[in-house]
Amino acid sequence: MKLTKEQIKETAGLARLRPEKEFQKDLPAILDFMEKLNELNTDKIEPVSHITGLENVTREDKAAGFKEDLISLAPQKENGCVKVKNVL
Amino acid sequence: MKLNELTIKKAHEGLANKDFSAKELLQAVLSAIDKDINAYLFVNDDLKKAKQVDEKIRNGEEIGILEGIPLAVKDNIMVKGMKCTAGSKLLENYVAPYNATVIKNMVIVGKTNLDEFAMGSSTENSAFGPAKNPCDLKRVPGGSSGGSAAAVAAHQCIAALGSDTGGSIRQPASFCGVVGLKPTYGRVSRYGLIAYGSSLDQIGPLTKTVEDAEILLKAIEGKDVKDSTSSGIKEKDISGLRIGIPKEYFVEGIASEVEQAVREVIREYEQMGAKVTEISLPHTEYALASYYIICMAEASSNLARYDGIKYGLSEKGKDLLEGYLKTRENFGKEIKRRIMLGTYVLSAGYYDAYYLKAQKVRALIKDDFVKAFKKVDVIMTPTSPTVAFKFGEKSDPVSMYLSDVYTVSVNLAGLPAISIPCQKEGLPIGLQIIGNYFQDGKIMETAKMYENQSA
C-alpha cells in the first residue's frame, strides 16, 4: 500500500504531528499487514459496537468537585481557568 | 525464606500471626529493588501506611487480606500524589491528582516501568529505559507491563497490577515466569487507567501464584459508576472440565520448546481427568490485523489529549498549532507511528475500508469463541510463540506485532484469560487459559489444578 507524501502530510496535520521522514519508510509496511482483512467477505456482518453488549449507560451530569487539583496541573492558568493561545 | 519472597497469602498470615511487621515486610521489599532490572520508574519509600497497619495489628484489630501487602502498580494507573508518566516524556513530571478506582487502601511500593502509553510488547518503548527480564538480563521482560512482571519475578514486590490491551499482562507474565490475568472486559473499572484502546483495555493482577491472582482480582473487580463500560455480572458456576485446543494456534511460527512445554501441560490435564478436544477458531489469522487497526484507531483518539494545554509537557510555539506540534514531537517513535496509522484508518475515505472492516472481522472472531464455548469450558494455548527475546531483536515493528498472535483475539472478544508458568527449567514459558465471559474464576480454578499438581 503506497502512501503518498501528500497523504502523510494530511494525516499528520489531522494528528497534530510533524510529518517525519520515517513515516514514509515505516508506515506502508504496516498498512500492508492490515490489508490482510480484504481476504474476508464481511458484507453481511454487523460490526461490533460494544463487546459485552452494554447499551446507553448513563449517569447524572453532576460535577464531582476536585476542580482546584485539576486546574493546578495546567501549564498556563488564570482565574481558575486553563489558559490557551488564541484559537482563531 | 526472605520476607519479600512471600506470596500475598503467606504474607497476610505472617502479619496476622505477628511473625513480622508490615514495616519489616515493606523494608524487605524496598531493599530488594535494584537499578539493574529497572522494574520501577518511581519508588515510594514512605513507611507511613505500613506503620498504620502495624498499629491496627497492635490494637488487636483484624486486617484485610491485602492490608500492609507491598504492591507495585504499573505507571499508567493513577495513584494520587505519585507521578504517573505512562513511560512517556509527555507526562514525565505529571503527578496524579486522583486515585484509579482499583487503588484501594494499599501499601504501594512504587510505579512500574512500561512501554510508552502501554504500546509495545517488550518495554523497550519506555522513554526511561527498558526493564530487564530477571531470568536473563539480556532479554526483554515482555510488555507492556514488563516492569510489573519483572518486579514480581524478582521479588521486588509481593504482587503487582498491570494493564492488558492485546496481551500486555499475559505476555510479560509468560516471559518472566509469573502468573498474569486479564479479566473479562468490564470486570475491573478502567477509571484512572490512562486510556490506550478503550474497547480493549483491562487492569489485572500479576502475581506469584494463581491464588494470589484470585485475591487481588477480588479486591479490584466490580461495577463502577465512574466507568460506564464496567459490569457487575455474577459468575456462573460450571462443573467438569472440557478443554479445547485450537488447531490454528499450533502452526508455523511457534518455537519448538514452547509447543513441547504446552502440549506436555495439556497431557497432564488429561491425566488429571480433563477431556481434551481439538477445536477450530477459523478467523485466527485475521486477528492481528483487526486488532492493530482497532487499537491504533482508538489510541489516536485517546492520545489527542496530550497537547500541553491541561497538563503534562507543554512546549511553547509561536501559535497554538506550533505549540501542539512541538509538544507532540516528544512522543516516542512507536507512538507516533500508531497515532499516524490510527488517524489514517479513521479518516474520511478510509474509515469503511479499515476501521469498520476491522470491527466486522472482530464480530467474526468473537463468534468463533462463542461457538467454541458451546463445546468446551476453557481453551488452552501458548501465551507467546517464543520465550523472551533479546533486546533489539525485534526492531522491525511488524515482527514485534507478530509476537502478540496468541493474545490479541482474547481482547478483541473481551474474554478473560490467564497465563501461568509451565516450564520447569530454562527460560519461562506460559500456558494461556481462556475462559468464557465472566468465567474468570473458572480459568483460575483450572490454573490452580496445574499449579497444585506441580508444586
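Q: Ala, Val, Leu, Ile, Met, Phe, Trp, Tyr, Cys and Pro count as nonpolar, Asp, Glu, Lys and Arg as charged, and the others, Gly among them, as polar. With that in hand, how do the residues lining the largest cavity divide?
A: Welcome to this predicted model! The lining divides into 5 nonpolar, 7 polar and 2 charged residues. Lying nearest the centre are B:Gly120, B:Ser121, B:Ser168, B:Tyr291 and B:Asp404, out of 14 lining residues. By the rule, B:Gly120 therefore counts as polar, B:Tyr291 as nonpolar and B:Asp404 as charged.

Q: What makes a space a cavity, and how many of 30 Å³ or more are found in the whole structure?
A: A 1.4 Å probe must fit inside but be unable to get out. The search finds 5 such cavities, and the largest has a volume of about 80 Å³.

Q: Why is the space beside A:Phe66 and B:Tyr98 called a pocket?
A: A pocket is an open set of points, whereas a cavity is one that the probe cannot leave, so the name tells you that this space is open. The largest pocket has a volume of about 1,200 Å³. Its lining takes in 34 residues, with A:Phe66, A:Leu70, B:Tyr98, B:Tyr191 and B:Gly192 nearest the centre. Both chain A and chain B thus appear in that list. Helix α3(A) brings the largest share, 3 residues. By class, the lining holds 19 nonpolar, 5 polar and 10 charged residues.

Q: What makes up the lining of the second largest pocket?
A: This pocket, with a volume of about 420 Å³, is lined by 21 residues, and B:Val251, B:Glu252, B:Leu288, B:Leu402 and B:Val405 lie nearest its centre. Two or more lining residues come from each of α8 (287-302) and α12 (397-402) of chain B, and α8(B) gives the largest share, 3 residues. The classes here are 11 nonpolar, 5 polar and 5 charged.

Q: How do you know that chain A and chain B are in contact?
A: Contact asks for heavy atoms within 4.5 Å. On that test, 51 residues of chain A are in contact with 70 residues of chain B. Together the two chains bury about 5,200 Å², 72% of it on carbon and sulfur atoms. On the side of chain A, the residues losing the most area are A:Phe33, A:Leu37 and A:Ile51, together 14% of what that side buries.

Q: Why is the pairing of B:Lys336 with A:Glu20 called a salt bridge?
A: Side chains of opposite charge can pair when their charged atoms come close. The rule wants a side-chain nitrogen of Lys or Arg within 4 Å of a carboxyl oxygen of Asp or Glu. B:Lys336 and A:Glu20 have N and O at 2.6 Å, so the pair qualifies. Between chain A and chain B the count is 4 salt bridges, and 15 residue pairs are in polar contact.

Q: Which helices of chain A supply at least two residues each to the side that touches chain B?
A: They are α1 (5-15), α2 (21-34) and α3 (67-71). α2(A) gives the most, with 9 residues. This side of chain A comprises 30 nonpolar, 8 polar and 13 charged residues.

Q: How do you know that B:Glu214 and B:Lys448 form a salt bridge?
A: Their closest N and O atoms are 2.8 Å apart, and the limit is 4 Å, so the pair passes. The link joins distant parts of the chain: B:Glu214 sits in α6 (residues 210-220) and B:Lys448 in α14 (residues 440-453), 234 residues apart. Over all chains, the count comes to 29 salt bridges.

Conventions:
Residues are numbered from 1 along each chain as its sequence is written. Chains are lettered from A and ligands numbered from 1 in the order in which they are written. Side-chain values use heavy atoms; hydrogens and water are left out. Buried area is the accessible area (1.4 Å probe) that two parts lose on being put together, summed over both. A polar contact is a pair of N or O atoms within 3.5 Å; within protein, one must be able to donate a hydrogen and the other to accept it, and residues adjacent in sequence count only if both atoms are side-chain atoms. Helices (H or I, at least four residues) and strands (E, at least two) are DSSP runs, numbered from the N terminus. On a 1 Å grid over the protein atoms alone, a cavity is a set of points where a 1.4 Å probe fits but cannot get out, and a pocket is an open set with protein on both sides within 12 Å along at least five of seven lines; lining residues have an atom within 4 Å of a point. Grid points are joined across faces, edges and corners, and a volume is the space filled by probe spheres set on the points.
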